[in-house]
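Student: I am new to this structure and would like a careful look at one part of it, the charged side chains that pair with each other. Please begin with how far the model can be trusted, and then set the pairs in their surroundings.

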Amino acid sequence: MMKDVWAPHEMVAGLQAVAVEPETPPTWLSESWEEPEGFYKDLKRSLDALYTTHGASALFTKYDFYHDIIGRNRNSGHPAMVWFDAAGQKEELSWQELGRLSAIKAAKWTRVGLREGDSLCLVRQVGLDLATDLLAALRLGAVISLLPLSGHRWMKTRLDVLEPKWISTDKNGAKSLKDWEESILPLVATQCDVPSDHRSFHGYATGDVVFRLFPAATGAAPEPVDVTSDTVYLGAARDGTLGLGLYPGMCICTPSFDVLQYQPSLLLSSLLCGATTIHITTAELVKWDGILKEAAPDVLGVTPELRNLVLEEELVLPEGIGAWFKDPVSSFEYDRWQMFASKPAMAESYSFNLRWDAAFGGSTLFSMRKKGMAHPGGLPMPGSLWQVGEEGSEADDLYQVGVLHINRAGDLEGEMHPTGMMLAAHGKVWLCTQGPALSRHGICYPVEEVEALLAERSRETDLFFRVVAYPRADFKGTSMMVLVGFTGARGGADFFERLKGEVTHLITTEMGEGCLPDRMGVYPIYPKFEAPGVPDAHWCRDAWISGALSKRAKSPVFQCITQLRARLMEGHYDGSPVTPET
């Protein structure tokens with residue numbers, strides 16, 4: 001298969017179209033769905049052909065990530081990493097130095113007892129430390145998890161599930177994770193040389209677990225997913241070369257992308273393809289004018305936040321960005337995305353879509369590329385086995401709609417898993433009509449965890465809370481999260497403001513800023529209960545959307561009813577009935 005076009009950059013070129021052309025997927029894509037094994041063999045040969053040094057990995061046999069990343073790029077004239085220091089000055093790190101730092105770390109970890117197959121949780125944000133941690137862990141053959149440092153309860157819930165033997169974090173992380181201090185690996189000095197007795201690289205056998213990650217698109221109780229070596233390696237190769245269009249020497253920048261949704265597979269895709277990874281946050285782009293131009297990315301990942309900064313002229317894009325991409329879940333704000341694509345600096349840039357979930361091993365959807373135009377279309381990743389709903393996998397049927405089920409990269413057994421993404425046929429491509437349930441920008445909100453936290457803290461008080469989720473007015477296919485609070489007979493502007501401040505502090509401290517609701521409403525009434533102490537979810541949602549909560553809170557009749565009910569409920573704050581009439 002793919003006999004006519006085999007080089008990844010030529011395959012990516014086959015995805016490009018001008019704005020007025022219809023989206024017609026290339027023939028190699030459908031061939032890759034029909035013959036995934038042949039596709040991955042060709043992909044591996046194509047990736048190897050980009051380097052003068054032969055790779056150490058053997059398809060469906062073993063994978064030596066460290067060698068295929070550091071060994072093949074060690075003498076590259078391009079940096080491995082670019083970032084900006086506290087003063088906004090550009091810093092670069094060579095591939096050779098990246099290899100040295102990760103090798104020193106691996107040697108130190110070996111001396112304190114980390115062995116092949118040990119579970120290791122990296123508590124890191126995206127940056128140089130994450131890159132060296134990841135490479136050191138791959139070099140040693142660890143089973144790797146990743147969590148961004150967040151609220152105490154949020155961290156405890158996930159670490160209790162993972163039960164890692166080892167944890168790698170920085171000083172701030174060590175202070176926050178005192179309950180796991182015996183598992184925390186020591187900080188590593190970088191001035192020393194690589195020990196002479198630590199020169200070997202570990203190879204993961206086919207089917208070995210490499211990553212144990214929490215899916216970003218499921219809002220139920222946290223449950224990690226094991227991602228095997230075939231999926232990790234082939235997903236990174238496929239997503240890097242064909243999804244992102246990277247090859248050695250190119251530069252990619254994805255400011256403030258969500259850690260759980262994208263990492264560590266996005267970083268690994270860049271590393272395996274020999275591309276330079278530029279670490280910049282959205283806040284740094286606003287703080288230091290001109291650093292994006294200095295960084296000069298070939299590929300730019302764009303979040304709705306970054307797009308809005310450009311549209312509000314708080315950030316000016318430089319010319320020369322070859323391509324930019326967004327999550328198709330956010331495509332419903334089409335007018336704003338088109339305004340972004342119409343900026344003079346983006347006129348010659350190609351836009352494309354990528355739906356990413358690291359727990360799937362990387363991307364599940366990618367797209368054609370259009371110059372100077374945003375577009376909502378998507379296509380299942382090359383080499384995938386997939387179907388939409390119950391009908392199959394043909395986009396020609398105008399009535400075809402359903403949830404995308406897809407297998408993980410490199411899984412030739414073909415077990416398909418639901419993605420939570422609702423797709424609808426649109427010509428030869430698919431449109432994402434709805435993101436995962438209870439999600440914001442395609443990332444699920446931990447409704448049950450937030451409600452449980454507030455229920456525990458308000459159990460002995462006359463307070464009740466419920467998270468209400470409803471579709472955003474801009475039809476993104478995702479939800480707005482509103483925390484609705486009921487205070488019974490207690491009220492007053494000062495009380496409400498103080499309560500909102502306390503709840504905000506509690507959620508931030510225990511769950512992290514990312515778990516704060518979009519809005520919060522507090523009302524001096526009692527809700528309808530579906531169980532003792534638990535407000536009825538449907539009643540709360542309907543009452544919030546209809547505006548009934550504010551009306552009842554202001555009604556003299558309801559105020560009298562609330563006062564009477566408060567007297568009856570004294571000492572029974574769980575909401576259970578005191579009498580049949582309560």
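Tutor: This is a predicted model, and a fair place to begin is residues 1-5, where the pLDDT stays under 50 although the model has 14 contacts beyond four places in sequence for them. Residues 577-582 also have a pLDDT below 50, and this stretch has seven contacts in the model beyond near neighbours in sequence. Taken over the whole chain, the pLDDT averages 87, and 87% of the residues score at least 70.

Before the pairs themselves, the general setting should be clear. The chain has 20 helices and 30 strands, and of its 582 residues 57% count as buried. Among contacts with a separation of 6 or more, 68% are between residues 24 or more positions apart. The chain exposes about 24,700 Å², of which carbon and sulfur atoms supply 51%.

Now to the part you asked about. Side chains of opposite charge can pair when their charged atoms come close. The structure holds 21 salt bridges, and a few of them can be taken in turn.

One of them joins R158 and E449, whose closest N and O atoms are 2.8 Å apart. This pair links distant parts of the chain, with R158 in helix α7, which covers residues 152-162, and E449 in helix α16, which covers residues 447-457, so that the two are 291 residues apart. Both R158 and E449 are buried.

Another salt bridge joins E530 and R466, and here the closest N and O atoms are 3.3 Å apart. This pair, too, links distant parts of the chain, since E530 belongs to strand β29 (residues 529-531) and R466 to strand β26 (residues 464-471), 64 residues apart. The two partners fall in separate accessibility classes: E530 counts as partly exposed because its relative accessibility is 44%, whereas R466 counts as buried because its value is 13%, the limit for a buried residue being under 20%.

A further salt bridge is formed by the side chains of K90 and E92, at 3.5 Å from N to O. K90 is partly exposed, with a relative accessible area of 29%, and E92 also counts as partly exposed, at 48% relative accessibility.

Charged side chains can also be linked in a group, and K105, R124, D129 and D133 form such a network of salt bridges.

For context, it helps to look at residues that take part in other kinds of arrangement. A142 sits in the loop between α6 (128-140) and β6 (143-147), and A142 counts as buried because its relative accessibility is 0%. Leaving aside neighbours within four places in sequence, A142 is in contact with L114, G117, D118, L120, A137, Y204 and V210. Its C-alpha is also 7.1 Å from that of R115, although A142 and R115 are 27 residues apart in sequence.

T276 offers another buried example, lying in strand β12, residues 276-279, with a relative accessibility of 1%. Not counting residues up to four places away in sequence, T276 touches H78, P79, A80, M81, V82, M250, C251, I252 and S270.

One of those contacts of T276 is C251, and this cysteine leads to the matter of disulfides. C251 counts as buried, at 16% relative accessibility, but its sulfur is not bonded to another cysteine, because the closest cysteine sulfur, in C253, is 9.6 Å away and too far for a bond. With a disulfide requiring sulfur atoms within 2.5 Å, the count for the structure comes to zero. Another cysteine, C560, counts as exposed because its relative accessibility is 55%.

Last comes a part of the surface made of nonpolar side chains, where V557, F558 and I561 make a patch of about 260 Å². F558 is found in helix α20, residues 556-568, and F558 is partly exposed, with a relative accessible area of 32%.

To return to your question, the pairs described here include R158 with E449, where both residues are buried, and K90 with E92, where K90 is partly exposed and E92 is partly exposed as well.

How values were computed. Residues are numbered from 1 along each chain as its sequence is written. This is a predicted model: local features need pLDDT of at least 70, side-chain atom pairs count only at pLDDT 80 or more; totals for chains, interfaces and linings use all residues. Side-chain values use heavy atoms; hydrogens and water are left out. Patches are made of residues with over 30% relative accessible area and no salt bridge: like charges are joined within 9 Å, nonpolar side chains (Val, Leu, Ile, Met, Phe, Trp, Tyr) within 5 Å. Accessible areas come from the Shrake-Rupley method with a 1.4 Å probe; for residues, only the protein chains shown count as cover. A salt bridge is a side-chain nitrogen of Lys or Arg within 4 Å of a carboxyl oxygen of Asp or Glu. Helices (H or I, at least four residues) and strands (E, at least two) are DSSP runs, numbered from the N terminus. Buried means under 20% relative accessible area, exposed over 50%, partly exposed in between (1.4 Å probe, protein chains only). Contact means heavy atoms within 4.5 Å. pLDDT is the predictor's confidence in each residue, from 0 to 100.
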